[in-house]
Amino acid sequence: MRLDHIMLEDFRNYARQEVSFDPTCNVICGENAQGKTNLLEAMVCLSTGKSHRTRTDRELIRFEQEGFRLEGSVCSRGREFTSHIDVGFGKKKRITVNQVPARMASDLSAVLNTVFFCPEDLHLIREGAAARRRFIDASLCQLRPRYAAALAEYQRLHEHKTRILRDCADRPDLIATLPDFNLRMAETGAILIHYRARFVRMLSDCAAAAHSECSGGKERLDIQYRTVKTVSDPFGDHRLLVIQLLEHQREHHYAEVSSRQCLSGPHKDDIEVTLDGLSARSYASQGQTRTAALALKLADREIHREIIGEYPILLLDDVLSELDPKRQEYVLNRIGSGQVFITCCEEDRLHSLLKGNIYRVKNGVVR
């Protein structure tokens with residue numbers, strides 16, 4: 001899988017830019033705030049239909065412009081594709097693949113998969129559960145279209161239920177609508193649990209191998225999926241998962257009404273990362289947590305390869321500058337296959353270690 005060419009028009013700080021890429025390694029250099037990350041962000045958009053950095057497409061439009069356009073030429077599964085995103089200009093967002101309108105944004109993931117790694121991800125282990133859920137969701141939404149649809153539906157139901165809980169003090173009649181939302185959230189939530197449990201199992205296997213290699217076999221990394229306590233087996237039958245989620249909702253009904261918050265459901269899920277049986281979040285050193293985060297991200301890349309049959313595009317946004325030489329060497333040794341994009345401020349060391357193209361970005365212009 002590779003991205004051969006990209007076009008950006010009025011996207012972030014790019015007026016109009018076209019760039020062709022090397023099929024192996026692409027080093028993107030430039031000072032801060034020149035557009036390096038924006039270029040990688042455009043690639044993520046062409047993979048998922050949305051940005052990983054914003055909540056709305058409006059934030060992606062160049063200052064004082066009405067919309068933006070992105071186009072990417074992709075080689076995937078032995079075929080050539082052209083993906084196109086058109087936002088704004090007084091029209092509804094339009095996504096096409098080979099000039100055929102996409103039914104949903106996840107159609108882009110059937111063409112292009114990306115694994116994005118930035119310095120903030122090095123703190124993935126120490127952050128709250130929401131960060132680790134975003135990590136799982138970002139990967140599964142690309143790999144499993146049914147998961148992407150279920151997640152979007154669950155989030156919509158969660159927002160509606162939250163509004164009901166917030167307003168029911170003034171409008172007690174709204175409480176009567178909760179059973180319907182609870183059932184639909186349980187049915188959709190069971191789908192999320194089904195996919196998350198299987199993804200985390202694969203993640204644990206791949207990350208353990210990567211971590212052992214990076215740490216010289218000195219530590220054992222393990223990852224466990226944590227969902228609501230009434231779910232006895234996240235690999236169980238869908239109908240049983242629904243029943244167990246409904247049971248958890250009943251247990252938390254009065255607490256939810258009292259707090260006016262949605263307290264029950266897989267929107268609270270987490271993964272527990274341990275090193276030699278101890279919680280990495282609580283007891284690991286800074287170096288250990290960074291190694292574990294590296295293992296998670298590189299494991300995510302391996303899972304993509306196992307499921308889709310080829311490596312996804314790997315986007316490394318100024319990650320290497322945050323790592324010590326040992327971990328830099330480890331990452332560089334693991335990215336020999338597949339197409340890679342690396343941003344940095346200085347390319348001197350990378351130029352001697354990697355083969356491929358070097359691009360320089362200044363004020364939204366790539367040379």
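In this predicted model, an open sheet brings together six strands in the order 2-1-4-5-6-7, with antiparallel pairing. The edges of this sheet are strand 2 (14-20) and strand 7 (100-101), each of which pairs on one side only. As you trace the sheet, it helps to remember that in a regular strand the side chains alternate between the two faces of the sheet.

**Following the strands**

Let's begin with strand 4 (residues 67-76), which pairs with strand 5 in the antiparallel sense over 10 bridges. To find your way in this pair, look for G72, whose bridge partner in strand 5 is S83. The two strands form a hairpin with two residues between them. In that turn sits R77, with a positive phi of about 55 degrees.

Is strand 5 largely enclosed or largely open? Strand 5 covers residues 79-88, and seven of its 10 residues are buried, so the rest of the structure largely encloses it. Buried here means under 20% relative accessible area.

Moving on, strand 5 also pairs with strand 6 (residues 91-97), again in the antiparallel sense, over five bridges. Here I85 stands opposite I95 of strand 6. The hairpin of strand 5 and strand 6 has two residues between the strands, and F89 takes a positive phi near 55 degrees there.

Next comes the step from strand 6 to strand 7, an antiparallel pair with two bridges. V97 stands opposite V100 of strand 7. This hairpin, too, has two residues between its strands, and N98 belongs to it.

**Residues with a positive phi**

Why might a positive phi catch your eye? Most residues other than glycine have a negative phi, and most peptide bonds are trans. Two residues that do have a positive phi, N98 and D276, are set side by side below.

| Residue | Phi | Place | Relative accessible area |
|---|---|---|---|
| N98 | near 55 degrees | loop between strand 6 and strand 7 | 34%, partly exposed |
| D276 | about 50 degrees | loop between strand 10 and strand 11 (278-279) | 43%, partly exposed |

**The nonpolar core**

Now look inside the model. The largest nonpolar core has 113 residues, and those touching the most other members are I6, M43, L70, I85, L203 and I223. Helix 4 (residues 178-214) gives the most to this core, with 17 residues.

Two of these names can be linked to the sheet: I85 is the residue opposite I95 in strand 6, and L70 has I85 among the residues it touches. Which other residues does L70 touch, if those up to four places away in sequence are not counted? They are M7, L8, F11, A42, C45, L46, S83 and H84. S83 may look familiar, as it is the bridge partner of G72.

**A pocket to explore**

Rolling a probe the size of a water molecule over the atoms shows where empty space is left. In this model, the second largest pocket holds about 200 Å³ of space. Which residues line the second largest pocket? Its lining is made up of N32, A33, Q34, G35, K36, T37, N38, P119, D317, D318 and C345. Helix 1 (residues 36-48) supplies the largest share of that lining, three residues. Sorted by class, the lining has five polar, three nonpolar and three charged residues.

**A residue in a loop**

Finally, where is Q261 placed? You will find Q261 in the loop between helix 6 (253-259) and strand 10 (270-275). Its relative accessible area is 44%, so Q261 is partly exposed. This term covers the range between buried, under 20%, and exposed, over 50%.

Q261 also shows how the fold brings together parts of the chain: Q261 and R163 are 98 residues apart along the chain, while their C-alpha atoms are separated by 8.8 Å. Leaving out residues up to four places away in sequence, Q261 touches L165 and E256.

Conventions: Residues numbered from 1 in each chain as written. Predicted model: local features only at pLDDT ≥ 70, side-chain atom pairs only at ≥ 80, totals over all residues. Heavy atoms only, no water. Buried < 20%, exposed > 50% of the residue type's maximum accessible area, 1.4 Å probe, protein only. Helix = DSSP H or I, 4+ residues; strand = E, 2+ residues; numbered from the N terminus. Pairing = 2+ DSSP bridges. 1 Å grid on protein atoms, 1.4 Å probe; cavity = no way out; pocket = protein on both sides within 12 Å on 5 of 7 lines; lining within 4 Å. Points joined across faces, edges and corners; volume = space filled by probe spheres on them. Nonpolar A, V, L, I, M, F, W, Y, C, P; charged D, E, K, R; others polar. Core = buried A, V, L, I, M, F, W, Y, C linked by side-chain atoms within 4.5 Å. Contact = heavy atoms within 4.5 Å.
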